[in-house]
Amino acid sequence: MSALTRVLAEVKADVAAARDRDPAAQGVSTFEILTSWAGVQALLAHRVAQALREAGVPLAPRAIAHLTRAVTGVEIHPAAKIGGEFFIDHGSGVVIGETAEIGERVTLYQGVTLGGTGFQRGKRHPTLGDNVTVGSGAKLLGPIAVGDGAKIGANTVVVEDVPPSATVVGNPGHPVKVEGKRVEGPDADWIHLPDPIAEAIKALSERIADLERRIADLDGGEKSGGEERRLRSRTGRSSAGG
Ligand SMILES: CC(C)(COP(=O)(O)OP(=O)(O)OC[C@H]1O[C@@H](n2cnc3c(N)ncnc32)[C@H](O)[C@@H]1OP(=O)(O)O)[C@@H](O)C(=O)NCCC(=O)NCCS
C-alpha cells in the first residue's frame with residue numbers, strides 16, 4: 001500500500017513537472033497529459049515497474065518496460081533510479097540504462113542516451129545531479145557524474161564528469177560555461193586546435209614547390225606542371241565546437 005501511495009505521489013509530481021517545463025502543456029488537463037505525453041507515460045510505467053521490481057515481482061517489470069518502449073519509444077530499465085519531478089520532453093528515442101541514477105527536477109529531451117561505454121559490469125551508467133537538463137540527441141556514456149544544474153547541449157557526447165552549473169557542448173563534450181561565465185584558459189579554444197599533420201603536409205608542399213622552382217631555373221625553362229593546391233582554410237566553425 002505504501003508503494004502505491006508513493007507511486008501516485010511521484011506521478012502527480014511528474015505531471016506537474018510536465019506542465020511546468022513544457023510550454024505546450026500550459027492549461028492542459030492532467031487526463032490529457034497522461035494520455036498524450038509519451039515521456040510522462042513512459043515515466044509512469046517506469047514508476048510502476050520499479051515498484052514491482054522492489055517488491056520482488058518477477059517478469060512483470062521487464063514486460064512493462066518492454067511494452068512501454070514499443071508504445072512510447074522510451075526505454076528505461078526497471079532498476080534505473082529516477083528522482084522526483086522528472087520530465088522527458090517528446091520522449092522518442094530516450095534510453096536510460098540499468099545503473100543510471102537521476103536526481104530531482106531533471107529534464108531530458110528526445111533521443112538522449114544514458115548508457116554504458118562497452119561491456120563492463122556493475123555501475124556503468126551516468127549519475128545526474130539535481131536540476132540537470134540534457135538536450136535532444138545527447139549521449140552520456142559511462143559511470144560519469146553530472147553536477148547539479150548542469151546543461152548538456154543537443155547532440156553532445158559526454159564521456160567525462162561534468163562540473164555543477166556547467167554548460168557542456170560538442171563531441172567530445174567540453175564546458176563552454178561554468179556558473180554562467182564563459183570558460184577562459186589556454187585550452188579553451190576548441191574551434192581552432194593545432195593540426196600537426198596539416199602543418200607537416202603544408203611544410204612539405206612548400207619545399208616541393210621550392211625545389212620545382214629551382215629545377216625550372218636550372219633547366220632555364222618553365223616551372224614543371226605540378227599544381228600547388230592550397231590546404232583547407234582553418235578558419236570558421238568546427239563541427240566539434242558547435
Ligand atoms: C546548450 C544549451 C542548453 C544552451 O546553454 P547556454 O548555457 O544558454 O549556452 P549558450 O547558448 O550561451 O551557448 C554557449 C556556446 O555553446 C554553443 N552551443 C550551444 N548549444 C550547442 C550545441 N547543442 N552544440 C554545440 N554548440 C552549442 C553556442 O553557440 C555558444 O557558442 P559560442 O561561445 O561560440 O558563442 C542549448 O543550446 C541546447 O543545446 N539546448 C538543448 C535544447 C533541446 O534539445 N531542444 C529540443 C527541443 S525539441
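**Exercise 1. Find what share of the protein's residues is buried, and place that in the overall fold.**

Solution. Start with burial: in this predicted model, 31% of the 242 residues count as buried. Next, take the secondary structure, which comprises 5 helices and 16 strands. Finally, turn to the contacts between residues at least 6 apart in sequence: 34% of these join residues at least 24 apart.

**Exercise 2. Check whether the length of helix 4 agrees with its number of residues.**

Solution. Helix 4 covers residues 60-72, which makes 13 residues. The expected span is 1.5 Å times one less than that number, so the helix should span 18 Å. Now compare the model: the end C-alpha atoms are 18 Å apart, in agreement with the expectation.

**Exercise 3. Work out how the buried residues of helix 4 are arranged, and what covers them.**

Solution. First, list the buried residues: Pro-61, Ala-65, Thr-68 and Thr-72. Viewed down the axis of helix 4, the buried residues fall within an arc of 65 degrees, so they line one face. A reminder helps here: an α-helix has 3.6 residues a turn, so residues three or four places apart point the same way. The cover over the buried residues of helix 4 includes helix 3 (38-54) and strand 1 (75-76). On the face turned away from the buried side sit the exposed residues Leu-67 and Ala-70. Just after the helix, Gly-73 has a positive phi of about 80 degrees.

**Exercise 4. Decide where to read the model with care.**

Solution. Begin with the whole protein: mean pLDDT is 89, and 87% of the residues reach 70 or more. Then look at residues 236-242, where pLDDT stays under 50. For this stretch the model has 11 contacts beyond four places in sequence.

Conventions:
Residues numbered from 1 in each chain as written. Predicted model: local features only at pLDDT ≥ 70, side-chain atom pairs only at ≥ 80, totals over all residues. Helix = DSSP H or I, 4+ residues; strand = E, 2+ residues; numbered from the N terminus. Buried ≥ 20, exposed ≤ 12 C-beta atoms within 10 Å, placed from the backbone. Contact = placed C-beta atoms within 7 Å. Arc of directions from axis to C-beta. pLDDT = per-residue confidence, 0-100.
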